[in-house]
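Notebook open, viewer loaded. I'm jotting down what I look up, one topic at a time.

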Amino acid sequence: MSPMPALIEEGRAKVNLSLRVVGRRADGYHDLESVVAFADCADQLTLEPGGELKLATTGPLAAACGDTADNLVFKAAKLLAEAVPNLKLGAFALDKVLPVAAGIGGGSADAAAALRLLARLNNLSLDDPRLQKVALATGADVPVCLLSRACDMTGVGEQLLPLALPSMPCVMVNPRVPVATKDVFQALGLRNGELLVGATSVLEAPAWPEEGASIADWVEVLETVANDLEAPAMRIEPVIGEVLEALRDSAGVKLARMSGSGATCFAIYGAPAEAHAAAEKIRRDHPGWWVHAGTLS
């Protein structure tokens, strides 16, 4: 028998268009509500079936991945092997192009890609409860990255409501400064059991636009909510303010804010040409920054 061909999946960058911190639970986890979109930039993960679990990293940002044992691809695969008897594994190869500790779920997207690859190899459905449980145990952003489509994400990341998002021209910028999520939540300073959002706020939460809504419709609603982690992240890394200023000063920008816990920020534009022109200017002005022009959907 000839060996099985390699399987390939993309780990698309996740962007939080909004992020409300509802509060901190008694167990220390934070309850969130976030509109999550996915970008057209991605890491690529390949699985060569057979043999023991391995992981090799390549690509321009491979050095930032750290030890293999700490990689979320490795963690997700090991957890799934514990949950599913006789799980077939293999050798993973990760082509790393997304910044790490950047608020765009790069590690979570890679872990989700690993779970999708192992699901394909082992004929598991993506809604298999074991897969869902492992996704959440791997990280709060992994369940939405497993689905890899626009969602309203609530709870600690386990409750997902798919959304019909238009294709939005965007620019994503990272100043190549890592920001640890735990540090940002620590700077937010909520005590266990403390709420930021009361019952009235929940009742007054915006209704997200329905299928067929325009970019302008979405921007109008998104302007009424923010990213609650933006201020504490800027206290940790003030350069985030410089990134936001560069985006907000660009021609044609409709909305600009930070994604996740930072330091990546994004801007939405009305047309692809405006996004590409903005990206070119930011690249010229800040050659050390990571800049991507594309679409969110």
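What does the accessible surface of the chain come to, and what percentage of it belongs to carbon and sulfur atoms? I get about 13400 Å² for the chain, with 53% of that on carbon and sulfur. Note to self: this is a predicted model.

**Entry: the whole chain**

I counted the secondary structure first and got 10 helices and 11 strands. The radius of gyration is 19 Å, close to the 19 Å from the globule rule for 297 residues, so I put the chain down as being as compact as a globular protein of that length. I also looked at the C-alpha trace, which spans about 60 × 45 × 40 Å along its principal axes.

Burial next: 52% of the 297 residues count as buried. For contacts with a separation of 6 or more, I find that 73% come from residues 24 or more positions apart. Then the charges: there are 25 positive and 36 negative ones, and their mean positions are 4 Å apart.

**Entry: strand β8**

Is β8 enclosed or open? I checked residues 168–174, and 7 of the 7 are buried, so I call the strand largely enclosed by the rest of the structure. Then I sorted the side chains by direction. Met168, Cys170, Met172 and Asn174 point one way, while Pro169, Val171 and Val173 point the other way, and all of them are buried. This is the textbook pattern, because side chains in a regular strand alternate between the two faces of the sheet.

Which strands does β8 bridge to? One is β11 (residues 290–296), antiparallel to β8 and joined to it by 7 bridges. There I found asparagine 174 opposite tryptophan 290. Another is β10 (residues 265–269), also antiparallel to β8, with 4 bridges. On that side, methionine 172 has phenylalanine 266 as its bridge partner.

**Entry: the β6–β7 hairpin**

I moved on to β6 (residues 151–155) and β7 (residues 159–162), which pair in the antiparallel sense over 4 bridges. I picked out one bridge, threonine 154 with glutamine 159. The two strands form a hairpin with 3 residues between them, and glycine 157 in the turn has a positive phi of about 115°.

Just ahead of this I looked up serine 148, in the loop between α4 (142–147) and β6. Serine 148 has a positive phi of about 55° although it is not a glycine. I have serine 148 as buried, with a relative accessible area of 16%.

**Entry: other backbone oddities**

Where does asparagine 86 lie? It sits in the loop between α1 (72–83) and β5 (90–95). I noted its positive phi of about 60°, again without being a glycine. At 76% relative accessibility, asparagine 86 counts as exposed.

Which peptide bond did I flag as cis? The one from glycine 262 to alanine 263, with omega near 10°. Alanine 263 is in the loop between β9 (253–258) and β10.

**Entry: contacts of three residues**

Isoleucine 215 belongs to helix α7 (residues 215–222). The residue counts as buried at 16% relative accessibility. Skipping neighbours within four places in sequence, I list its contacts as Pro166, Ser167, Met168, Pro169, Ile268, Tyr269 and Gly270. I also took a C-alpha distance: isoleucine 215 and alanine 226 are 17 Å apart in space and 11 residues apart in sequence.

Glycine 252 is in the loop between α9 (239–248) and β9. I have this glycine as partly exposed, at 27% relative accessibility. With neighbours within four places left aside, glycine 252 is in contact with Ile268, Tyr269, Gly270 and Glu274. For a long-range check I tried glycine 50, which is 202 residues away along the chain, and the C-alpha atoms are separated by 50 Å.

Last one: is threonine 46 buried or exposed? At 17% relative accessibility it is buried, because the cut-off is under 20%. Threonine 46 is part of strand β3 (residues 30–49). Beyond the neighbours within four places, I see threonine 46 in contact with Ala6, Leu7, Ile8, Ala91, Phe92, Ala93 and Leu117.

Definitions and conventions:
Residues numbered from 1 in each chain as written. Predicted model: local features only at pLDDT ≥ 70, side-chain atom pairs only at ≥ 80, totals over all residues. Heavy atoms only, no water. Rg over C-alpha atoms; globule rule 2.2 N^0.38 Å. Buried < 20%, exposed > 50% of the residue type's maximum accessible area, 1.4 Å probe, protein only. Contact = heavy atoms within 4.5 Å. Areas by Shrake-Rupley, 256 points an atom, 1.4 Å probe, with all protein chains shown as cover. Lys, Arg positive; Asp, Glu negative; His and termini not counted. Charge placed at Lys NZ, Arg CZ, Asp CG, Glu CD. Pairing = 2+ DSSP bridges.
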